[in-house]
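Colleague: I should like to go through the architecture of this protein with you. Could we begin with its sheet and then turn to a helix that packs on it?

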Amino acid sequence: MNEEWGIEVLGPLRVHLGGRQLDLNGPRQEKVLAVLVLDADRVVPFDTLVDTLWDDAPPDTARRQVHNAIAALRRCLGPLRELIRTDGRGYRAELSSVPHGRERVDAHRFRALVRSAETARAAGRRAEAVAALTEGLALWEGPALAGLDGRAVRIAADKLDEKRLTAMERLFDLRLDSDEAGALVAGLSELVATHPLRDPFRRQLMLALHRSGRQADALEVYAQGRDLLAADLGLDTRAELRLLHEQILRCDPALDRPAAVEQTAPAGPGRAADGVFRAHQRRFLPYDVTDFTGRSDELDRLVTLAGRDESATLVVTAVDGMAGIGKTTLAVRAAHALADRYPDGQLFIDLHGHTPGQEPITPAAALDRLLRYVGVTPEGIPDGLDQRAAAWRAALANQRVLVVLDNALDVGHVRPLLPGTGHALVLITSRRRLAALDSAVNLSLEVLAPEDAVDLFVRIVGAERTAGQDAAVRDVVALCGCLPLAIRIAASRLRHRSAWSVSHLAHRLRDRQRRLAELVAGDRSVAAAFEVSYVQLDEPQQRLFRLLGLHPGHDFDAVSAAVLTGSTVAEAEVLLEELFDTHLLSQHTVGRYYFHDLIRQYALTKAEHEEQQAGREEALRRLRQHYLNLARSVADLSDPGLPAAPAREVPSAIPGLRTVADAADMLAAERANIVALLAGVPSGSDLEQTWRLAVAVGPLLVRNGYAEDALTGYQHALDAARATDDLHGQAEVQTNLGLAHRALGHYEQAGRALRTALELCRTTGDRYGEARTLWTLGHVGLLRGDYPEVLAQYREALAIFEQLGAARDQAAVLGNIGVVYGYLADYRQALAYHRQALELSRGLDNPFREAVDLLNVGWVHSRLGHAEEAWSCLEQALARTRELGAREVEARTRWAFGDFLHHTGDQAAALGWAREALVLAREIGSRDLESQTLNLIGSIHRSQGSPEVARDCHERALRLATELELRFDQGVAFEGLARLAGDAGDRPAALEHIDRGLALFSRMHPGRAAELRLLQQQLGP
């Protein structure tokens, strides 16, 4: 074995040989190699390998498949195959027989360096220990075995990750004893944020801050850890931290740095020339791909552009090209190569400009995420696009930061995201050439160079298989148009057909004509590559492939695949895995598959050409019915007690759907697919199925924070109900439409939809629908402070629900009546209604209603001063919302925790809860909760002595509440501004705010009005 080689597991698994990276052809071989090399020179029993590949559910053919995986691994390893030895009881990776064999595996080298550091430390050779640990930690490129799943693999990876953290702790201890305390603060702060319950990092950060003359900050770090332990685990801080805290309080000389220490090691791996440890920056880059091939000129150009002018304030490079040509792969590879030049951070965001099944991320939403990446607090993020762009430019001023804006829609999509000043590099990828982007250098990707295309093909198929067939290999890649995606498909088919030769594959490619004129690279068609893959499938595989092309969503599982084909789930699962093995499908998580968008177009074309129209319509009808059954099953689990479905549509069993947690996971996985299905154009008998699906899934989407998706589905459903003149269907859709509009703050639209629904229900005599619509109308009026009218609507709805025996809906209305009394500050009455609602919900075993009622009971207890009862109820509510995935109720529960803690005086903890509520409110589009939370955060900042921040929060809450006509929140904002003006001695402004608040509160909230009048009296005449 004369060539240089190495195996990396401290990050993604990689095998290098002679300067190139070997392709192991799939996760099975990767898992087997990982387990063998980590247990090097020892026999790994056969049963252990079975468990590694299948956890607790191996197939009957497990032993044969393990043998096959070992054989495939040996083929992939080429000259390294001799490392894998067979033993009677299993297999072993024999590294010790190779000179320096163990050192060529980064995990073993890391362990050896850690042992060496321990020996040096024990002997008092501190600089040597620091150098060894620094070298060892520099071997890491991310979490161990990143990208591999399975219990055995994750256990091994977790052990390695723990050793890494322990090594970091030891390194920081050694460096703290040198004169480096100030340089360590940044890295330790990020470690404490990432591992908040790991005491050694918190201790080290406190000590580094103390030795840097920042005693107050050191004490605050202790307080944060103490509060976190108490809140999350109910524990007190450990004795070691308490002792350090006491020592810092009294400035104990024992904490000073030892007088005589060795100098730290010179700059090297993991250490910059200035001695600052750079291992814990803001790094958000995806992992680099393992089989990157070619693109050396393009990569060199990107790297050269970044370094063309060290004084340049901004370098923007836009990489464009057709789908599947490798834009993101190149950008990520370049970003990793350039990372060291941008020590202040490397950021990545997928803008979803061309992602199937997803809307592009708006520039404002992208800036919200980017600003949080660089440490801006949620309430510190401005509202408007221009303001956020300005804040982004300010945050990156004088920073050396690399930003990858991936998958951009057009120039307008990225222009607001560009930094202004600072030594920044921006890499943009897009299917469109962004020629109009000022000062940008455009790099248009073409197909691979012929020699790179050949290299990619040989690496996939294997050097042995292609030996002596150079001319045939060149023919194949030329017929594939040198497009990476086409080459991968063709090579994969050859690899899995042992009877074929490369010449045979080339012959088959030559016989194929263009099928998809739009799928071209220059003047070359790639359709032949897809066709040669397709024609080698057997009939069941071909049929599944075609029908999956009809699936409107982004991904799918074996159940929906079985529904499309009318097969069993087990049959569909086998076919999906076969399509996955041929690279016609991809897999982003276990059990869920997706098409590359070019292959999706190809599959859809095959379906349109080879499936009769009646067959296509029937497949989609089965899919809609499946998702209708799924939505109803999820509702039955999470919110039982709703009216039963018509007898002919009783939900069928959904595999894997047994618990509330299953329901939440299933809805999250299938949400985008259902919305995409609703966006289709049904006909005839499918129209009723369409509106029923929207009505079934819509409320689940709203309560889980996807009201926009629900709104889209309802609009299509309303068209379907109107097309058949179905008044009952129109009424149901209009009621749900009103609920979605209300969740999004569209109160005028909500009112119109609900009034239309109420008229339709009364026309058709639908008493249940009438009550539900009255109840929903009450929700809209509640936010606007129309309490007398709201109470009348709620009571009328309650009477009808009682007549109909709809206990679940009775509980909901009772809870809402309690909310009204809470707004009126009649907390005793509110508590009585909320307790009635909770009792009913528990009797129905309804987890969603129980979570809402627990939240309401807890909040009222907090206002009555019942601290223990309040905390207990809110904790239970939060646990329920997490289990359900009910993000809106979770956000409101977090707000309630913040409100409770604010009123009990724990402002630091209150701010944490309120910020979490604000982030969630923005993510789910709940604008009324955003306004409410901004007011709360403003009050907290006032209590903490930050009047400017408090004023900004109240003013933003006021603007939002005014826009939405939320009179109660407007009044709260005026009250907050009045108190701030009074604190500042600005009596005229305070009185003006009081007058405006009184104008709102006098008729809807006597208690708040009385508080304002008292404040008015305190300010004097």
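Modeller: Two strands are taken to pair if DSSP finds at least two bridges between them. Please bear in mind that this is a predicted model.

Colleague: In what order do the strands of the open sheet of 5 strands stand?

Modeller: The pairing in this open sheet is parallel. Neighbouring strands are turned by 15° against each other on average, direction ignored. Read across the sheet, the order is S8-S9-S10-S7-S11.

Colleague: Which strands stand at the edges of the sheet?

Modeller: An edge strand here has a single partner strand, so one side of it is left without a neighbour in the sheet. This applies to S8 (346-350) and S11 (440-444).

Colleague: Over how many bridges do strand S9 and strand S10 pair?

Modeller: Strand S9 covers residues 402-408 and strand S10 covers residues 424-430. Leu402 stands opposite Leu425 in S10. The two strands run in the parallel sense and pair over 5 bridges.

Colleague: At about what angle does helix H11 run to S11?

Modeller: Helix H11 comprises residues 296-306 and lies across strand S7 (314-320), S10 and S11. Its angle to S11 is about 175°.

Colleague: Why are the buried residues of H11 on the same side of the helix?

Modeller: The residues concerned are Leu299, Leu302, Leu305 and Ala306, which are buried. What covers them includes S7, helix H12 (327-338), S10 and S11. On the other side of H11, Asp297 and Thr304 are exposed. The buried residues lie on the same side because they cover an arc around the axis of only 130°.

Notes. Residues numbered from 1 in each chain as written. Predicted model: local features only at pLDDT ≥ 70, side-chain atom pairs only at ≥ 80, totals over all residues. Heavy atoms only, no water. Helix = DSSP H or I, 4+ residues; strand = E, 2+ residues; numbered from the N terminus. Axes fitted to C-alpha atoms, helices over the stretch in contact; angles between N-to-C directions. Contact = heavy atoms within 4.5 Å. Buried < 20%, exposed > 50% of the residue type's maximum accessible area, 1.4 Å probe, protein only. Arc of directions from axis to C-beta.
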